[in-house]
Amino acid sequence: MFNIVIFGPPGSGKGTQSVRLKKKYGLVHLSTGDILRDALAKKTGLGVKAQEYMDKGELVPDEDVIGMLMKVLDENMNSNGFIFDGFPRTGKQALFLKENLEKRDTMIYALLTLDVEKEELIKRLIDRGKKTGRSDDKLSVIENRIKVYHDQTAPVIEFFRKMDKYYPVDGMGTIDEIFDRLCRVIEEVIK
Ligand code: AP5
Ligand code: MG
């Protein structure tokens, strides 16, 4: 299996690039945000609980997200590998992922982080909010999501840096340009 994490602040392009990477490398795209929004649409117990956090731009508790991820992980262990998008988001989630992949005789090969300026993040998310009506794409919630990213999620970089698996990628520019940059890093890692 070949597993990677696509990482970065809200609006950095994780979802957009994952769709392309999934196609090119035949990987399973595992977006915890998408799974939670799906649970919310279906009004499951987890979805109803998660909404409270998502509407404020806060993180859903680790145990809920981890339980949900375990299930999807086990359902796809016969695949070529995973693109983790929006997970891990805390130190606890990072450790969980490392240990559980090791138990299954596999690992994360790279954490690819999309670096994007704050003004650009806000612009992209406000634009998306107008188009799709995603409920957490309004200015006050966007600002909090960015803050939560810096306070609680960015420290995950250190965890991967220590294992020599941290790859920063310039996330400014066109979708094609950024995709090329990501592919170049992946080709290096695969070698
Ligand atoms: P999640 O769904 O993961 O949202 P996010 O991290 O805030 O990121 P986004 O999905 O908003 O942005 P993205 O980086 O995917 O960018 P995109 O490609 O869409 O999480 C939502 C919530 O769920 C969290 O707040 C939390 O409550 C909960 N949650 C999820 N996972 C969790 C976890 N592990 N633990 C705890 N809680 C969790 O691009 C954004 C826009 O920009 C799009 O409109 C796109 O078309 C556009 N765009 C992309 N690239 C470019 C470009 N190069 N130029 C111009 N526009 C571009
Ligand atoms: Mg996304």
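User: Where do I start with empty space in this model? How many cavities of 30 Å³ or more does the structure hold?

Analyst: Rolling a probe the size of a water molecule over the atoms shows where empty space is left. Here the structure holds one cavity of 30 Å³ or more. Keep in mind that this is a predicted model.

User: What volume does the largest cavity have?

Analyst: Its volume is about 60 Å³.

User: Which residues line the largest cavity?

Analyst: The lining is I6, F7, G8, K14, G86, F87, P88, R89, Y149 and T153. Now look at the elements. β1 (3-7) and α7 (139-153) each supply at least two residues of that lining. By class, the lining has five nonpolar, three polar and two charged residues.

User: P88 is in that list. Which peptide bond leads into P88, and is it cis or trans?

Analyst: Most residues other than glycine have a negative phi, and most peptide bonds are trans. The bond from F87 to P88 is cis, with omega near 0°. Find P88 in the loop between β3 (82-85) and α5 (91-103).

User: And phi? What value does K43 have, positive or negative?

Analyst: K43 has a phi near 55°. That is a positive value in a residue other than glycine. K43 sits in the loop between α2 and α3 (45-54).

User: Now the pockets. What is the volume of the largest pocket?

Analyst: The largest pocket has about 870 Å³. It is lined by 41 residues, and the closest to its centre are G11, K14, R128, R134 and R145. K14 also belongs to the lining of the largest cavity.

User: Which elements give two or more residues to the lining of the largest pocket?

Analyst: They are α1 (14-25), β2 (28-31), α2, α6, α7 and α9 (175-190). The lining divides into 14 nonpolar, 16 polar and eleven charged residues.

User: How much space lies in the second largest pocket?

Analyst: About 190 Å³. Its lining is I35, D38, A39, K42, T44, L46, M68, K71 and V72. The elements that give two or more residues here are α2 and α4. Five lining residues are nonpolar, one is polar and three are charged.

User: α2 and α4 again. At what angle do these helices pack?

Analyst: Two packed helices are described by the angle between their axes and the distance between the axes. Helix α2 (residues 32-41) and helix α4 (residues 62-75) pack at about 100°, with their axes 11 Å apart. That makes α2 roughly perpendicular to α4.

User: Which residues meet there?

Analyst: T32, I35 and L36 of α2 meet V65, M68, L69 and V72 of α4. The contact has six nonpolar residues, one polar residue and no charged ones. Three of these names may look familiar: I35, M68 and V72 are among the residues that line the second largest pocket.

User: Try another pair. At what angle do the axes of α6 and α7 cross?

Analyst: The axes of helix α6 (residues 118-132) and α7 come within 10 Å and cross at roughly 135°. The two helices are therefore oblique to each other. α6 passes α7 in a right-handed crossing.

User: Which residues make the contact of α6 and α7?

Analyst: From α6 come K118, L121, I122, L125, I126 and R128. From α7 come L139, I142, E143, R145 and I146. Sorted by class, seven are nonpolar, none is polar and four are charged. R128 and R145 have come up before: both are among the residues closest to the centre of the largest pocket.

User: One more pair. How do α1 and α9 cross, and at what angle?

Analyst: Their axes come within 10 Å and cross at roughly 50°. So α1 and α9 are oblique to each other. α1 passes α9 in a right-handed crossing.

User: Which residues of α1 and α9 make the contact?

Analyst: α1 brings T16, Q17, R20, L21, K24 and Y25. α9 brings I175, D176, I178, F179, L182, C183, I186, E187 and I190. By class, the contact holds nine nonpolar, two polar and four charged residues. Both helices also give two or more residues to the lining of the largest pocket.

Notes
Residues numbered from 1 in each chain as written. Chains lettered and ligands numbered in written order. Predicted model: local features only at pLDDT ≥ 70, side-chain atom pairs only at ≥ 80, totals over all residues. Heavy atoms only, no water. 1 Å grid on protein atoms, 1.4 Å probe; cavity = no way out; pocket = protein on both sides within 12 Å on 5 of 7 lines; lining within 4 Å. Points joined across faces, edges and corners; volume = space filled by probe spheres on them. Helix = DSSP H or I, 4+ residues; strand = E, 2+ residues; numbered from the N terminus. Nonpolar A, V, L, I, M, F, W, Y, C, P; charged D, E, K, R; others polar. Axes fitted to C-alpha atoms, helices over the stretch in contact; angles between N-to-C directions. Parallel < 35°, antiparallel > 145°, perpendicular 65-115°, else oblique. Left-handed = near helix turned anticlockwise from the far one by under 90°. Contact = heavy atoms within 4.5 Å.
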